[in-house]
Amino acid sequence: MSKDSVHLQGRFAVLIVCACLFVSAAGAQVNLDKVGQSTMNFQLVSVSARASALGEAFFAVCDGAEALFFNPAGVTEMKTTCDLDLMYTGWIAGISYAGGAFAWNLGDVGTIGLSALAVDYGTIHATRLLSASSQTQDVAYEDMGDMNNVGAYSFGLSYARALSKEFSIGGTVRYTGQNLGESWLAAGKKENSASVLVFDVGVKYYTGFRSFRFGMAFRNFSAQVKREQIEEQLPLTFTIGVAMDMFDLVDPGHSKESSMTLGVDFLHSNNYSERVNMGLEYTLMGMFALRGGYQTNRDVGSWSAGLGFFTSVEDYLLRFDYSYSQMKYFIGVNRFSLGFSF
């Protein structure tokens, strides 16, 4: 092992220790779980069919443009010059998500990426409370019709670089906003919207033992968002994950066309207690993938499953991924992703 590799391993170990101390200190500030005390939580919904099929145990698994939504360090493992992913999620309660990610590998310079997310909250009916003099025993409000300008969005610019064969680091800056329609007040109409700059940072490290690796990311660093007189935090999350091709344990020299990748992620958030995500991906002949996953400590979500198909057309590599997530109280969630590599 080279001296540089030893130094990188030492730095990564220090980074993990510092991260764990940060999480422990954050959790020790209060004795109660801060449940539901953040805003713009749409950023916590996965738009990647592959990641969702794996129970979102993806921070050490991701290796393409879709990594920009999880661990930006993962884009350094692209096998081609450019990678593009288009994603759609039919979320609960008539909400839908559309996302896209593009990554461009510049060789030794690093990899840059662009990402975008749009959220449609569907049709929301608006009403306005009548003045006290206009109210009757049966009517206290008036119908204002369908509410306009309701939704959320995020646009990101990322940069990642492999510092060695084992260690990669990446970061993202995002402009994120949410529009919650209009309010009709005595003083006139008021727009309910907010926007903020958000930062993500992640690392990925291969230990040297077979394909065993770590992935770690802090997501949603930002200033607080003020609504009326209340300042609210974004859903800051720290995630550390591990992954490995289990076939390496029985046949280290096996063909990479087939694999059985196990991923496990541990999540700490400022708006919920700790969670664990687990996922398994079986790839056959480099053409098909079957996936399954499970998320612990979820009020609504639990298990998920999905599949993937890969093929090439001339110089383009095409991918199609689908996932289904079981939801308590709601119908299941379907996600679709289409990818192009060239």
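A residue is called buried here when its relative accessible area is under 20%, exposed when that area is over 50%, and partly exposed in between, using a 1.4 Å probe and protein chains only. With that scale in hand, let us begin with D85, which counts as buried because its relative accessibility is 3%. What you have before you is a predicted model, in which local features need pLDDT of at least 70 and side-chain atom pairs count only at pLDDT 80 or more, while totals for chains, interfaces and linings use all residues. Residues are numbered from 1 along each chain as its sequence is written, and side-chain values use heavy atoms, with hydrogens and water left out.

D85 is found in strand β1; strands (E, at least two residues) and helices (H or I, at least four) are DSSP runs, numbered from the N terminus. The side chain of D85 makes a polar contact with the side chain of R319, at 3.0 Å. A polar contact is a pair of N or O atoms within 3.5 Å; within protein, one must be able to donate a hydrogen and the other to accept it, and residues adjacent in sequence count only if both atoms are side-chain atoms. Using contact in the plainer sense of heavy atoms within 4.5 Å, and leaving aside neighbours within four places in sequence, D85 touches A65, E66, G99, G100, A101, R319, L338 and G339.

Now step back to the whole chain. It has 3 helices and 18 strands, and 45% of its 342 residues count as buried. Among contacts between residues at least 6 apart in sequence, 53% join residues at least 24 apart.

F320, in strand β17, gives one example of distant positions to compare in the viewer. F320 and L86 are 234 residues apart in sequence, and their C-alpha atoms are 9.8 Å apart in space. F320 counts as partly exposed because its relative accessibility is 35%. Beyond four places in sequence, F320 is in contact with L307, G308, F309, F336 and S337.

Strand β13 offers two more stops, S259 and H268. S259 is buried, since its relative accessible area is 12%, and H268 is buried, with a value of 14%. S259 lies 22 residues from E281 in sequence and 7.7 Å from it in space, C-alpha to C-alpha. Neighbours within four places aside, S259 is in contact with D245, F247, E281, Y282 and T283. For H268, look at the side chain: it makes a polar contact with the side chain of E274, at 2.3 Å.

Next come the cores. In soluble globular proteins, nonpolar side chains tend to be buried together. A nonpolar core is a set of buried Ala, Val, Leu, Ile, Met, Phe, Trp, Tyr and Cys residues joined through side-chain atoms within 4.5 Å. The largest such core holds 36 residues, and F42, Y97 and V119 touch the most other members. Strands β2 (96-105), β3, β6 (150-162) and β8 each supply at least two residues of this core. Apart from neighbours within four places in sequence, the contacts of F42 are Y97, L117, V119, Y121, A152, Y153, T176, G177 and Q178. A second, separate core has 7 residues, including V203, Y205, M216 and F238.

Finally, turn to the open spaces. A pocket is an open set of points on a 1 Å grid over the protein atoms alone, with protein on both sides within 12 Å along at least five of seven lines; lining residues have an atom within 4 Å of a point. The largest pocket has a volume of about 1200 Å³, where volume is the space filled by probe spheres set on the points, which are joined across faces, edges and corners. Its lining has 43 residues, with R50, D63, E77, K79 and K256 nearest the centre. β17 gives the most to this lining, with 4 residues. By class, the lining of the largest pocket divides into 11 nonpolar, 13 polar and 19 charged residues; Ala, Val, Leu, Ile, Met, Phe, Trp, Tyr, Cys and Pro count as nonpolar, Asp, Glu, Lys and Arg as charged, and the others, Gly among them, as polar.

The second largest pocket has about 1100 Å³ of space. Of the 48 residues that line the second largest pocket, N41, L44, V45, W91 and R298 are closest to its centre. β16 gives the most to that lining, with 4 residues. The lining of the second largest pocket has 22 nonpolar, 19 polar and 7 charged residues.

Conventions
On a 1 Å grid over the protein atoms alone, a cavity is a set of points where a 1.4 Å probe fits but cannot get out, and a pocket is an open set with protein on both sides within 12 Å along at least five of seven lines; lining residues have an atom within 4 Å of a point.
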